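Trainee: I am new to this structure and would like a close look at a single part of it. Could you walk me through one helix and its surroundings?

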Amino acid sequence: MEDEKKATIAEEVVKEQQQQEEEEKKETAASDVSLKELSKKLDDFAKERDWEMYHAPRNLLLAMIAEVGELSELFMWRGEVPKGLPGWKEAEKEHLGEELSDVLLYLIRLSDMCGVDLGDAATRKIVKNAVKYPAPSKST
Ligand SMILES: Nc1ccn([C@H]2C[C@H](O)[C@@H](COP(=O)(O)OP(=O)(O)OP(=O)(O)O)O2)c(=O)n1
């Protein structure tokens, strides 16, 4: 193949990779994602891999508890950890984000497989909590 053609193909491959990376960045930086969106992504993920049969409620509950264990390991033997995690390395914080996500994702999937609308249930629960634990009235 001519050198010029090879260079053009290489440029196109690099461009494609860059576009893909941009798309992935957009997806991974979705900090305002909704529970419903995550739920849909989890559903697609399971369907694409034919994993729906494994996502029975009890399996998901056990998987979530295992991930809570992994999350706990990050805090183990550190003594009290101040807010904001001062002194933690960036890699440790990234790992923490991953373990928190695993717990959240299994919780969302578990809720879906149980037919519970988690967003709705959590919103109602916050209201119920406020009734049970009324805030002290602030006298002016
Ligand atoms: N049957 C499965 C297995 C995995 N996952 C998804 C949900 C979790 O977000 C993540 C969990 O993957 P791993 O079991 O590989 O656990 P970790 O990512 O924690 O890896 P490791 O245990 O090696 O640290 O993958 C899933 O939906 N269904």
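Mentor: Happily! Let us begin where helix H2 (residues 35-49) packs with H4: their axes are 10 Å apart and meet at an angle of about 85°. That angle makes H2 roughly perpendicular to H4. Keep in mind as we go that this is a predicted model.

Which residues make the meeting? From H2 come Leu35, Leu38, Ser39 and Leu42, and from H4 come Leu105, Ile108, Arg109 and Asp112. Sorted by class, this contact holds 5 nonpolar, 1 polar and 2 charged residues.

Now follow H4 itself. The helix has 24 residues, and from its first C-alpha to its last it reaches 34 Å, close to the 34 Å expected at 1.5 Å a residue. Its buried residues are Tyr106, Ile108, Arg109, Leu110 and Asp112. These buried residues pack against H2, helix H3 (57-75) and H5. If you look just after H4, you will find Gly115, which takes a positive phi of about 75°.

One residue of this helix deserves a visit of its own. Leu105 sits in H4, which covers residues 90-113. Leaving aside residues up to four places away in sequence, Leu105 touches Leu38 and Leu42, two of the H2 residues in the contact described above. Is Leu105 buried, exposed or partly exposed? It has 19 other C-beta atoms within 10 Å, and a buried residue needs 20 or more, so Leu105 counts as partly exposed.

Leu105 also takes part in the surroundings of the ligand, together with Trp51, Tyr54, Glu70 and Asp102. This shell divides into 3 nonpolar and 2 charged residues, with no polar ones. For a sense of distance elsewhere, compare Leu105 with Glu73: they are 32 residues apart in sequence, and their C-alpha atoms lie 19 Å apart in space.

Finally, let us turn to H5, one of the partners of the buried residues of H4. Helix H5 runs over residues 118-132, and its 15 residues should span 21 Å at 1.5 Å a residue; the end C-alpha atoms are 20 Å apart, so the two values agree. Of those 15 residues, the number buried is 0, so H5 lies largely in the open. With that, you have followed H4 from its crossing with H2, through Leu105 beside the ligand, to its packing with H5.

Methods:
Residues are numbered from 1 along each chain as its sequence is written. This is a predicted model: local features need pLDDT of at least 70, side-chain atom pairs count only at pLDDT 80 or more; totals for chains, interfaces and linings use all residues. A residue is near a molecule or strand if its C-beta atom, placed from the backbone, lies within 6 Å of it. Ala, Val, Leu, Ile, Met, Phe, Trp, Tyr, Cys and Pro count as nonpolar, Asp, Glu, Lys and Arg as charged, and the others, Gly among them, as polar. Helices (H or I, at least four residues) and strands (E, at least two) are DSSP runs, numbered from the N terminus. A residue is buried if 20 or more other C-beta atoms lie within 10 Å of its own, exposed if 12 or fewer, and partly exposed in between; C-beta atoms are placed from the backbone. Two residues are in contact if their C-beta atoms, placed from the backbone, lie within 7 Å. The expected span of a helix is 1.5 Å times one less than its number of residues. Axes are lines fitted to C-alpha atoms, for helices over the stretch in contact, and angles run from 0 to 180 degrees between N-to-C directions. Angles under 35 degrees count as roughly parallel, over 145 as roughly antiparallel, 65 to 115 as roughly perpendicular and the rest as oblique.
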